[in-house]
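Here is a quick tour of one chain, written to be read with the viewer open. Rotate as you go and look up each residue when it comes up.

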Amino acid sequence: MTKNNIQNFREASRAYSDASIFMHEAIARKAGLSSTDHKYLGLILQYESITAGEISKLTGLTTGAVTGLIDRLEKKELLKRQFIKEDRRKVMIIPNTENSMKLLGPIFEELQQKTMKLVSTFSKKEIETIERYFREATVLMKETTDHLNNP
């Protein structure tokens, strides 16, 4: 790989990252959420249930910040707290997928259609290469995040 290739790759990667952040901030505003709440809701929606402690471990947020996040999302009826009968100190966070999709689905629908149209222009091999890059880059970013959160 030449120096120019690396520079072009870095510029494209930075532009993609910036555009992603700006887009998600715009989506959050349109949905009446902060960009942080929008992204963490996306994380929570990946689970049938999750504890506040697990959210804290996954995100690096303090337990107090997670409590505030849960309070805000619960107020908007995007999730609910469910107390465990055997241990009332333990609370499960249950995402309200239906309300979340009502809120975010229409915003993402056009983006998903355009993304699928773009993806359809790539060969199977190209898609596999792009997917491999995203998966391996995600591992690197998670390792960096963990290192920064837990020095």
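## Glutamate 77: a loop residue on show

With a relative accessibility of 53%, glutamate 77 counts as exposed, because the cut-off for that label is over 50%. You'll find glutamate 77 in the loop that links α4 to β2 (79–84). Its backbone has a quirk too: phi is positive, at about 60°, even though residue 77 is a glutamate and not a glycine. Keep in mind that this is a predicted model.

## The chain as a whole

Stepping back, the chain has 6 helices and 3 strands. Follow the sequence and they come in the order α-α-β-α-α-β-β-α-α. The C-alpha trace spans about 60 × 40 × 25 Å along its principal axes.

How much of the chain is buried? Of its 151 residues, 21% count that way. As for contacts between residues at least 6 apart in sequence, 50% of them join residues at least 24 apart.

## Helices that cross

Three helix pairs are worth a look, starting with α1 and α2. Their axes come within 8 Å and cross at roughly 95°, which means α1 is roughly perpendicular to α2. On the α1 side the contact uses His24, Glu25, Ile27 and Ala28, while α2 brings Ser35, His38 and Lys39. Sorted by class, this contact is a mix of 2 nonpolar, 3 polar and 2 charged residues.

Next up, α2 and α4: here the axes come within 11 Å and the crossing angle is roughly 85°, so α2 also ends up roughly perpendicular to α4. Asp37, Tyr40, Leu41 and Ile44 of α2 touch Leu69, Arg72 and Leu73 of α4. The class count for α2 against α4 is 5 nonpolar, no polar and 2 charged residues.

The remaining pair is α3 (residues 52–59) with α4 (residues 63–75), where the axes come within 9 Å and cross at roughly 115°. That angle makes α3 roughly perpendicular to α4, and the crossing is right-handed. Ala52, Ile55 and Ser56 are the α3 residues in this contact, and they meet Thr63, Val66, Leu69 and Ile70 of α4. By class, that gives 5 nonpolar, 2 polar and no charged residues.

## The nonpolar core

Which residues have the most contacts inside the largest nonpolar core? They are Leu33, Ile44, Ile55, Leu73 and Ile93, in a core of 20 residues. Several elements feed into this core: α1 (3–31), α2 (35–44), α4, β3 (87–95) and α5 (97–119) each supply at least two of its residues.

Some of those names have already turned up at the helix crossings. Ile44 of α2 and Leu73 of α4 take part in the contact between those two helices, and Ile55 is on the α3 side of the contact with α4.

## Leucine 33 and leucine 103

Click on leucine 33 and look at what surrounds it. Setting aside residues up to four places away in sequence, leucine 33 touches Ala28, His38, Leu41, Leu73, Lys76, Leu78 and Leu103.

Leucine 103 sits in helix α5. Its relative accessible area of 26% makes leucine 103 partly exposed. Beyond neighbours within four places in sequence, leucine 103 is in contact with Ala31, Leu33 and Leu78. Aspartate 18 is another story: it lies 85 residues from leucine 103 along the chain, and their C-alpha atoms are separated by 24 Å.

## Threonine 51 and glutamine 46

Is threonine 51, in strand β1, buried or exposed? At 12% relative accessibility, threonine 51 counts as buried, because the cut-off is under 20%. Leaving out residues up to four places away in sequence, threonine 51 touches Lys90, Val91, Met92 and Ile93. Ile93 is one of the core residues with the most contacts.

Glutamine 46 belongs to the loop running between α2 and β1 (50–51). With 61% relative accessibility, glutamine 46 counts as exposed. Now find proline 95: glutamine 46 and proline 95 are 49 residues apart in sequence, yet 8.8 Å apart in space, C-alpha to C-alpha.

Terms used:
Residues are numbered from 1 along each chain as its sequence is written. This is a predicted model: local features need pLDDT of at least 70, side-chain atom pairs count only at pLDDT 80 or more; totals for chains, interfaces and linings use all residues. Side-chain values use heavy atoms; hydrogens and water are left out. Axes are lines fitted to C-alpha atoms, for helices over the stretch in contact, and angles run from 0 to 180 degrees between N-to-C directions. Helices (H or I, at least four residues) and strands (E, at least two) are DSSP runs, numbered from the N terminus. Angles under 35 degrees count as roughly parallel, over 145 as roughly antiparallel, 65 to 115 as roughly perpendicular and the rest as oblique. A crossing is left-handed if the near helix is turned anticlockwise from the far one by less than a right angle, and right-handed if clockwise. Contact means heavy atoms within 4.5 Å. Ala, Val, Leu, Ile, Met, Phe, Trp, Tyr, Cys and Pro count as nonpolar, Asp, Glu, Lys and Arg as charged, and the others, Gly among them, as polar. A nonpolar core is a set of buried Ala, Val, Leu, Ile, Met, Phe, Trp, Tyr and Cys residues joined through side-chain atoms within 4.5 Å. Buried means under 20% relative accessible area, exposed over 50%, partly exposed in between (1.4 Å probe, protein chains only).
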